[in-house]
Amino acid sequence: MSKVYLSAELPGVAVEKLRANGLEVESYTGSDLISHEELSKKVSNVDFLITTLSTKVDKEIIEAALKLKLIANFGAGFNNIDIAYAKTKKIIVTNTPQVSTNSVAEVTMGLILALSHRIVEGDHQMRQSGFPGWAPLYFLGHEIAGKNLGIVGLGNIGSEVARKANSLGMKVSYNKPNQLSDPEERALRVVYQPFDELIQTSDYISINAPLTSKNHHQFNASIFKQMKKTASLINVARGPIVDENDLLNALKTGEIAGAALDVYENEPKVNNAFKDLKNVILTPHIGNATIEARNAMADIVADNVISASKGQLPNFIVNK
């Protein structure tokens, strides 16, 4: 019987599917993330590994997995896996694209609204000092209708953010390596801007791009100096795209107005200095943390393992 190891507990649908197809399943059940040492031991005798974005599958782990045929990553990204080395070992790596799109886009818009209307700050005040009473100038925020939203990265998620932002009356521009065609831009109601122009004109900047070697620390001190002082940055993509030390300085000195972060440079660690700032919202990487999205992701990883166990090519291979 082929063995599958799960580096974290997954929605039940995945385990049920795998066992129904005659696979032996073992899952890590610890309260913390699985350690590199434990994962190295666990993969030594398994045929398939289902892992999460928070678990690093490096050359050492791959070397320890003598029978491994497939690594099914539970997430759209795959920066946590050495896919090139896996390919040299003829190990297929897959991901779970597209099914997170709506959830992440909803979170993006939720963070924009929460920043602009100071919702988290207001909740904190109600729990601490309380509500002194309604007054015309009390606790003012901003409406987002009519404001400029600049989207960095216009793939599936960025495109869905654009649709939702348009429905709320925002003006949407975007930047990505390859500009869309005119019909595509008109369909999405977006306008292409060079990166420097986008950061200078946007009231809100949403990072919805994958992490690459070219955009590490793309948002740094130089960029924050060029942004509007009234602008806010939202990052639901990958933490290392933002230089967090530079962001902290920009927020403290008033170079930009606010930030909302769902991902972090040294995740899961969070720089404690952010916690002292009222103009920052911090969420624990909940972009696709919905029952709907996680069940869909569980379906994909289970189906990919089942296909591989039958000698068939799985879907969404990232190291062809």
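**Sheets, selected residues and a pocket in a predicted model**

Leaving out residues up to four places away in sequence, S202 touches N148, L149, G150, S173, K228 and A231, where contact is taken as heavy atoms within 4.5 Å. The structure is a predicted model, in which local features need pLDDT of at least 70 and side-chain atom pairs count only at pLDDT 80 or more, whereas totals for chains, interfaces and linings use all residues. Residues are numbered from 1 along each chain as its sequence is written, and side-chain values use heavy atoms, with hydrogens and water left out.

S202 lies in the loop that runs between helix 9 (195-201) and strand 9 (204-207); helices (H or I, at least four residues) and strands (E, at least two) are DSSP runs, numbered from the N terminus. With a relative accessible area of 0%, S202 is buried, a class that means under 20% relative accessible area, while exposed means over 50% and partly exposed lies in between (1.4 Å probe, protein chains only). From S202 to T230 the C-alpha to C-alpha distance is 9.4 Å, although the two residues are 28 apart in sequence.

S206, found in strand 9, is likewise buried, with a relative accessible area of 0%. Apart from neighbours within four places in sequence, S206 is in contact with T108, L149, G150, I151, V152 and I234. Q218, by contrast, is partly exposed at a relative accessible area of 21%, and its place is in the loop between strand 9 and helix 10 (221-226). When neighbours within four places in sequence are set aside, the contacts of Q218 are V152, F195, I223 and I241. Q218 and K310 are separated by 92 residues in sequence and by 43 Å in space, C-alpha to C-alpha.

Strand 9 belongs to an open sheet of seven strands in the order 8-7-6-9-10-11-12, with parallel pairing; two strands are said to pair if DSSP finds at least two bridges between them. Strand 8 (191-192) and strand 12 stand at the edges of this sheet, each with a single partner strand, so one side of each is left without a neighbour in the sheet. Strand 8 pairs with strand 7 (residues 171-175) in the parallel sense over two bridges, and Y174 stands opposite Y192 in strand 8.

Parallel pairing also involves strand 1 (residues 3-6), which is joined to strand 2 (residues 24-27) over four bridges, with E24 in strand 2 as the bridge partner of K3. Between these strands the chain passes through helix 1 (residues 12-20) in a right-handed β-α-β crossover, that is, with the strands pointing away from the viewer, the path from the first strand over the helix to the second runs clockwise. Strand 1 also runs parallel to strand 3 (residues 48-52), to which it is joined by three bridges, and L6 stands opposite I50 in strand 3.

The second largest pocket holds about 640 Å³ of space; a pocket is an open set of points on a 1 Å grid over the protein atoms alone, where a 1.4 Å probe fits, with protein on both sides within 12 Å along at least five of seven lines, and lining residues have an atom within 4 Å of a point. Two or more lining residues are given by each of helix 5 (101-116), helix 6 (119-127) and strand 12 (280-282), and helix 6 provides the largest share, four residues. The lining comprises 27 residues, of which L115, R118, E121, K278 and N279 lie nearest the centre of the pocket.

Terms used:
Points joined across faces, edges and corners; volume = space filled by probe spheres on them.
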